[in-house]
Amino acid sequence: MSRRIHVALYTSEEKLLGALRASRKAGLTVLDVMSPYPIHGVDDLVGIPRSRLPAACLAGGLLGLGLALWFQYWTSSVDWPIDVGGKPWNSLPAFAPVAFEMTILFAGLATIFGLLLRSGMLPGRSGVIRDLRVTDDRFALVVTRPDAAVTDTELAQLWRDTGAVEHRDIVEREGDR
Amino acid sequence: MTSSFLRPPDARWARSTITSLKWVSGLAAAIFVAGLFIAPQRSWSGFLIGFMALTGLALAGPVGLAFLSLSGARWSRRLESVPRAMARALPAAAVMGLVLVAGVHSLYEWSHSAIVDIDPILTAKSSYLNAPFFSVRLVVFFTVWLLATRALVRVSEQSRDDAPGDRHRRLRTAAIFVLLFAPTWSLASIDWLQSLDPHWFSTIYALVTLAGLGVAGMAAAIVLVVAADRRGEVTAAQYGDLGALLMSLCLFWGYIWYSQYLLVWYTNLPEETPWYIARLSNEWGLLTKLSCLLCSALPFALLLFRRLRRSRTALVRISVLVLIGRLVDLYVLAGPPLMGETPRAGVWELAPVVGLVALFFLVAIEGLRRTAMGATRPSPPSVATAASAAAPSAAPSSAAVPAA
């Protein structure tokens, strides 16, 4: 199965955002937006559902907290108890700094690895860049027509109205993405 | 794009709130004056706690402005009338500081020569800790804060985002403010709170009080933003940002509290532990735990939820919890040397605290009404309004950020 996707290039953030709104209004499905820098609030406009990464972050943080507390308890009161300044072997206040750091470390690592896994950015993989100039000074909008509701002329009109400097159609086969 | 400042709060609401706050603070002032004759020591204890709360909340205005300017924050420009309104309480705090000078003998052990003379440590400290020098320092602190705050507020009122000269001026004024504020606040918190226990010292004490100032100031700012935003102009995303700032300050408060506690617990030195023993035994221990819960643990846990962070009602409730927590915190910091082993919170202690907090909100809401109105009128002081009206889309990158 294949589908036709359309890529339009713009010269500024404002034009891209305008085109994004216009194409959603016209009934096109927005697949992706590419820009040289992150655009504030663009994920809401594209309609990307809320990220579930915070759950990975929380799980990682709790795991780090638990591991750090357990390991310190085990070393200082089970495996090799040492009397430090007459403190009890199992001294929770002394464990807190390491537990705090480990919580943050594990939460951070869980988030970044969760992101890499979920987006498929693993070693040896490269992302699909529709036009190399989006890494420099162009803004790309990638859309598809859900059920050919928008005709070719309407689409061309849309690109013209929104100020696209260039546009092109790509036929994408399954497995290309 | 709407005007660059929050619009004034609903006039009827503001008027009735100000009237009731006036009644509360007037009544509290009457009780305080009566208390000076009936129970002077207890009234002064309450006054000191209320004075610290009022000063901290008032200073949180310019401190917030300075940090937002230094970090180059643009998201908060529209909300800056709120910290400016908070700063308006600073002159009132200065007047209360002058009142505090009259209470030195009821509050501070080091002001009694009979005690100082037989105590070698206090004798050694007496060239710094004495009533005249204490008063001079107090006047110096407030003079510096008032002048620096005035400069900061003026720059905030007049500057525009898109003018590079304005940005530079904001940055420079904020940097100077922070450089002046850091040492004066350190010395002031040692003078007013730490010297209640004149034998004890902690090198991190100013940070402990600064964290309290930050967390309470942010909570008060959120309450004021919601009060001013009765038409729902502030977006959920902006509330989310305010909530995230409050959350990080709650974490900071807990971090600093624990940093001081951990070192004292760990070294276990006889000259350091009494301060904590007094605050962790009896009912004081419960109050200490309550302050940690309300200033740090509970709001932090609640604000982790995005839904609560972005909801104005939830944010206000959490902020009120934090403000109560901060009052408990101040009560525990100041209480033990003044009240002994059992905390006392009768009408003499509570009236000045309630009165001075009411005074803060009274001045701030009044200020919000004025500054916000001044900004929408095209009259002389509104350089910024006139200029932005002349060039509505001079800053495309900031103007085009979608309102979500």
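**Figure 1. Contacts of Val234(B) in a predicted model.** Val234(B) touches Val225(B), Asp229(B) and Tyr239(B), leaving aside residues up to four places away in sequence. Val234(B) sits in the loop between α10 (205-228) and α11 (236-267) of chain B. Is Val234(B) buried or exposed? Neither label fits: Val234(B) counts as partly exposed, because it has 18 C-beta neighbours inside 10 Å, and a buried residue needs 20 or more. A distant stretch of sequence also comes into view. Arg312(B) is 78 residues from Val234(B) in sequence, yet their C-alpha atoms are 9.5 Å apart in space.

**Figure 2. Packing of helices α1 and α2 of chain B.** Helix α1 covers residues 11-38 and helix α2 covers residues 40-70. The two axes lie 6 Å apart and meet at an angle of about 140°. α1(B) and α2(B) are therefore oblique to each other, since only angles over 145 degrees would count as roughly antiparallel. From α1(B), the contact uses Phe32(B), Gly35(B) and Leu36(B). From α2(B), Pro40(B), Arg42(B), Ser43(B) and Phe47(B) take part. By type, the residues of this contact are four nonpolar, two polar and one charged.

**Figure 3. Helix α8 of chain B and its buried residues.** Helix α8 runs over residues 131-158 of chain B, 28 residues in total. How far apart are its end C-alpha atoms? They are 41 Å apart, which agrees with the 40 Å expected at 1.5 Å a residue. The buried residues of α8(B) include the aromatic-ring positions Phe141(B), Phe142(B) and Trp145(B). Ala148(B), Thr149(B), Leu152(B), Val153(B) and Ser156(B) are buried as well. Which helices cover them? The cover includes α2, α3 (81-87), α4 (90-102) and α9 (164-192) of chain B. Helix α2 thus appears in two views: it packs with α1(B), and it helps to cover the buried residues of α8(B).

**Figure 4. Chain B as the setting for these close-ups.** Chain B has 18 helices and zero strands. Of its 404 residues, 40% count as buried. Contacts across long stretches of sequence are listed next. Among the contacts in chain B with a separation of 6 or more, 84% join residues 24 or more positions apart.

**Figure 5. The two assigned domains of chain A.** Domain 1 is made of two segments, 2-36 and 137-173. Domain 2 spans 53-119. Taken over C-alpha atoms, the centres of domain 1 and domain 2 of chain A are 48 Å apart.

Key. Residues numbered from 1 in each chain as written. Chains lettered and ligands numbered in written order. Predicted model: local features only at pLDDT ≥ 70, side-chain atom pairs only at ≥ 80, totals over all residues. Helix = DSSP H or I, 4+ residues; strand = E, 2+ residues; numbered from the N terminus. Buried ≥ 20, exposed ≤ 12 C-beta atoms within 10 Å, placed from the backbone. Contact = placed C-beta atoms within 7 Å. Domains from an automatic or database assignment. Axes fitted to C-alpha atoms, helices over the stretch in contact; angles between N-to-C directions. Parallel < 35°, antiparallel > 145°, perpendicular 65-115°, else oblique. Nonpolar A, V, L, I, M, F, W, Y, C, P; charged D, E, K, R; others polar. Expected span 1.5 Å × (residues − 1).
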